[in-house]
Amino acid sequence: DDYKQYCLVFGPGDWSSAFHVAVPGPGKGGGQYDLFQLNQWMHPDNPDIDLIGEQNMELSERAVHFASDVVGNSYFWDPLHFKEKGKHIVFVWRYNREINAIANSFWGFVTGVCLGDQGKSVISDFSPRRVFAAWRPT
């Protein structure tokens with residue numbers, strides 16, 4: 001699995017100062033960088049979030065959110081949608097409730113969206129900086 005490899009090599013952090021990637025258990029105060037906390041926040045039972053809408057309730061219950069960005073979009077995979085074993089299609093859940101497939105794998109998300117020009121499709125003024133900043137607890 002490419003996400004598992006990513007977690008072991010990079011850990012939580014930011015790509016191009018715009019995309020925040022979460023990993024399992026980075027520690028107290030991880031917030032958007034903690035996979036568990038990010039998924040709790042994005043869960044449809046959270047009364048503070050209004051991204052779901054009735055038509056996407058089933059999907060929102062299955063979604064595994066692993067990243068967010070500076071404009072409020074969330075990135076996730078649906079365990080039922082994959083290209084090949086271990087390579088899940090990545091979706092973007094836009095702050096306006098629109099959902100679109102954006103990459104064919106996690107590495108496709110990192111290279112095409114976070115580091116490439118495809119990032120402009122989700123953040124209009126995005127300019128890839130091709131830099132990673134690791135999250136460190138304070």
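Trainee: In this predicted model, does Asp78 count as buried or exposed?

Mentor: Asp78 counts as buried, because its relative accessibility is 0%, and the cut-off for that word is anything under 20% relative accessible area.

Trainee: With which residue does Asp78 form a salt bridge?

Mentor: The general idea is that side chains of opposite charge can pair when their charged atoms come close. Here the partner of Asp78 is Arg62, and the closest N and O atoms of the two are 2.7 Å apart. Arg62 belongs to helix α3, residues 57-62, whereas Asp78 belongs to strand β4, residues 74-84, so the pair ties together parts that are 16 residues apart in sequence. Arg62 is partly exposed, with a relative accessible area of 27%, while Asp78 is buried.

Trainee: How many salt bridges does the count come to?

Mentor: The count comes to two. Besides the pair formed by Arg62 and Asp78, there is a salt bridge between the side chains of Lys120 and Asp117, with an N to O distance of 3.9 Å. The cut-off for a salt bridge is 4 Å, so a value of 3.9 Å for Lys120 and Asp117 falls within it. Lys120 counts as partly exposed at 44% relative accessibility, and Asp117 counts as exposed at 54%.

Trainee: Which residues is Phe126 in contact with, leaving aside its neighbours within four places in sequence?

Mentor: Lys120 is one of them, and the others are Ser16, Ala18, Phe19, Val113, Cys114, Gly116 and Gly119. Phe126 itself is found in the loop between α4 (106-114) and β7 (132-134), and this loop residue is buried, with a relative accessible area of 5%. To read such a contact list, it helps to set separation along the chain beside distance in space: Phe126 and Ala18 are 108 residues apart in sequence, yet their C-alpha atoms are 8.0 Å apart.

Trainee: Turning to helix α1, which of its residues are buried, and which are exposed on the other side?

Mentor: For a helix, one asks where around the axis the buried residues point. In α1, which covers residues 2-9, Asp2, Tyr3, Tyr6 and Cys7 are buried. These four cover an arc of only 140° around the axis, which puts them on the same side of α1. Lys4, Leu8 and Val9 are exposed, and they lie on the other side of α1.

Trainee: What phi does Gly11 take, just after α1?

Mentor: Gly11 takes a positive phi of about 75°, at a position just after α1.

Methods
Residues are numbered from 1 along each chain as its sequence is written. This is a predicted model: local features need pLDDT of at least 70, side-chain atom pairs count only at pLDDT 80 or more; totals for chains, interfaces and linings use all residues. Side-chain values use heavy atoms; hydrogens and water are left out. Helices (H or I, at least four residues) and strands (E, at least two) are DSSP runs, numbered from the N terminus. Buried means under 20% relative accessible area, exposed over 50%, partly exposed in between (1.4 Å probe, protein chains only). Contact means heavy atoms within 4.5 Å. The arc is that of the directions from the helix axis to the C-beta atoms.
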